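Please walk through this structure from one of its sheets to its cores and its surface, keeping the coordinates at hand as each element is named.

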Amino acid sequence: MPLYQVPILVNGATHSAEQFRAMVQDLARGAEGITAGTDLKVTQLGTPGTGVQVASGSGVVRGRVDAFQGSYAIRNQGAATVSIASTGGSPRSDMLIARVEDPQYEGTLNPEVDDINYFQVISNVSSSATAIPDGRTGIPLARIDIPASTSTITNAMIKDIRKVANPRRETRLLTQSPASQSTAITGTAGTYTYFSTAAGWTLAIPSWASIARIRVDIAGMRITTGNLYGAVRANLGASVSLQPTVIDDNQGAVVRRMGTLVADTVTISDAYRGTNQLLRAQAAGLAGNAAQIYIDASTTLVAQIEFEEGPR
């Protein structure tokens, strides 16, 4: 009958490998790829030579031979060296994959004595390939773009094509309302200045984060004195600035309120992971600006941040 006789796990029952693979597939939510951002990364050898090394790590590989094959949990414990053939008179691209060849569905390997999980090089793939070009069971790790007449592989030739099976995500929504009016931001030199009465938000950066999608909204910004031409942005720590948004208003000297937002997707560096970093908005007057920009007790600032894990 189609329904498995017993669910996992029942004392005294026998469970097939296929049933455990089905459980792996369910736990992985049908996804495949590496487990964490640093898993199975491909790099040059310690002394560059005729091969590459694959870092420790684990992953999930979905079976492609049979509709009910399920998924395999794989693990590399320690760095592995994989040989790469040299090129002749023409350049070549090779793809390095983590391959599973299960004799229940394909091939003639014997799991008692043979490696049915191994690193495999698919030679002469497209120079833009990021997916395994045929139906074999495996996950892609790297494409190696090798110039003509080359036998030494360097990091510059290695294109990382790993994907995290189920990337971790963390979203935060933060608000801030100034207690008093800030110092005026004015001028025409494009020099960014923090809003003096908006201290920003100190963010704990997850140790696994690879990117952050950040949006900062400012509602009720106060404009006085003259026509406004400027920009608003936000900084994360000392070295990451979000894409600026231009603010442009020609209502002259009348006092008015306006809202704006800035948003960007930024890369989280090794230096930022696992640290606390300040996210804070700032503004600048650009050429032609005659206005003064403030925030005050009638202003609200909102920050939304989504951290996401990816290969790194």
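**From a strand pair outward**

In this predicted model, a convenient place to begin is Arg143, whose bridge partner in strand 10 is Lys159. The pairing to which this contact belongs joins strand 9, residues 138-146, to strand 10 through 3 bridges, and the two strands run antiparallel. Strands of a sheet pair through backbone hydrogen bonds, in either a parallel or an antiparallel manner.

Seen in its wider setting, this pair is part of an open sheet of 4 strands, arranged in the order 8-7-9-10 with antiparallel pairing. Strand 8 (117-122) and strand 10 (158-160) stand at the edges of that sheet, and because each has a single partner strand, one side of each is left without a neighbour in the sheet. On average, and with direction ignored, neighbouring strands here are turned by 25° against each other.

A second open sheet is built from 3 strands in the order 1-4-5, again with antiparallel pairing. Its edge strands are strand 1 (33-34) and strand 5 (71-76), each of which pairs on one side only. Strand 1 is held against strand 4, residues 57-62, over 2 bridges in the antiparallel sense, and within strand 4 it is Val60 that stands opposite Gly33.

Turning from the sheets to the interior, the largest nonpolar core has 36 residues, and those with the most contacts inside it are Phe195, Ile214, Val216, Met221, Leu279, Ile293 and Phe307. The elements that give two or more residues to this core are strand 13 (201-204), strand 14 (211-224), strand 15 (228-236), strand 18 (256-267), strand 19 (276-285) and strand 21 (300-308). Strand 14 supplies the largest share, with 6 residues. Apart from this core lies another, of 23 residues, which includes Val42, Val100, Ile144 and Ile158.

Where, finally, do nonpolar side chains make a patch on the surface? Leu9, Phe20, Met23 and Leu27 together make a nonpolar surface patch of about 410 Å². Among these residues, Leu27 lies in helix 1, which covers residues 17-27. Leu27 has a relative accessibility of 67% and therefore counts as exposed, since the cut-off for that class is over 50%.

Terms used
Residues are numbered from 1 along each chain as its sequence is written. This is a predicted model: local features need pLDDT of at least 70, side-chain atom pairs count only at pLDDT 80 or more; totals for chains, interfaces and linings use all residues. Side-chain values use heavy atoms; hydrogens and water are left out. A nonpolar core is a set of buried Ala, Val, Leu, Ile, Met, Phe, Trp, Tyr and Cys residues joined through side-chain atoms within 4.5 Å. Buried means under 20% relative accessible area, exposed over 50%, partly exposed in between (1.4 Å probe, protein chains only). Two strands pair if DSSP finds at least two bridges between them. Axes are lines fitted to C-alpha atoms, for helices over the stretch in contact, and angles run from 0 to 180 degrees between N-to-C directions. Patches are made of residues with over 30% relative accessible area and no salt bridge: like charges are joined within 9 Å, nonpolar side chains (Val, Leu, Ile, Met, Phe, Trp, Tyr) within 5 Å. Accessible areas come from the Shrake-Rupley method with a 1.4 Å probe; for residues, only the protein chains shown count as cover. A salt bridge is a side-chain nitrogen of Lys or Arg within 4 Å of a carboxyl oxygen of Asp or Glu.
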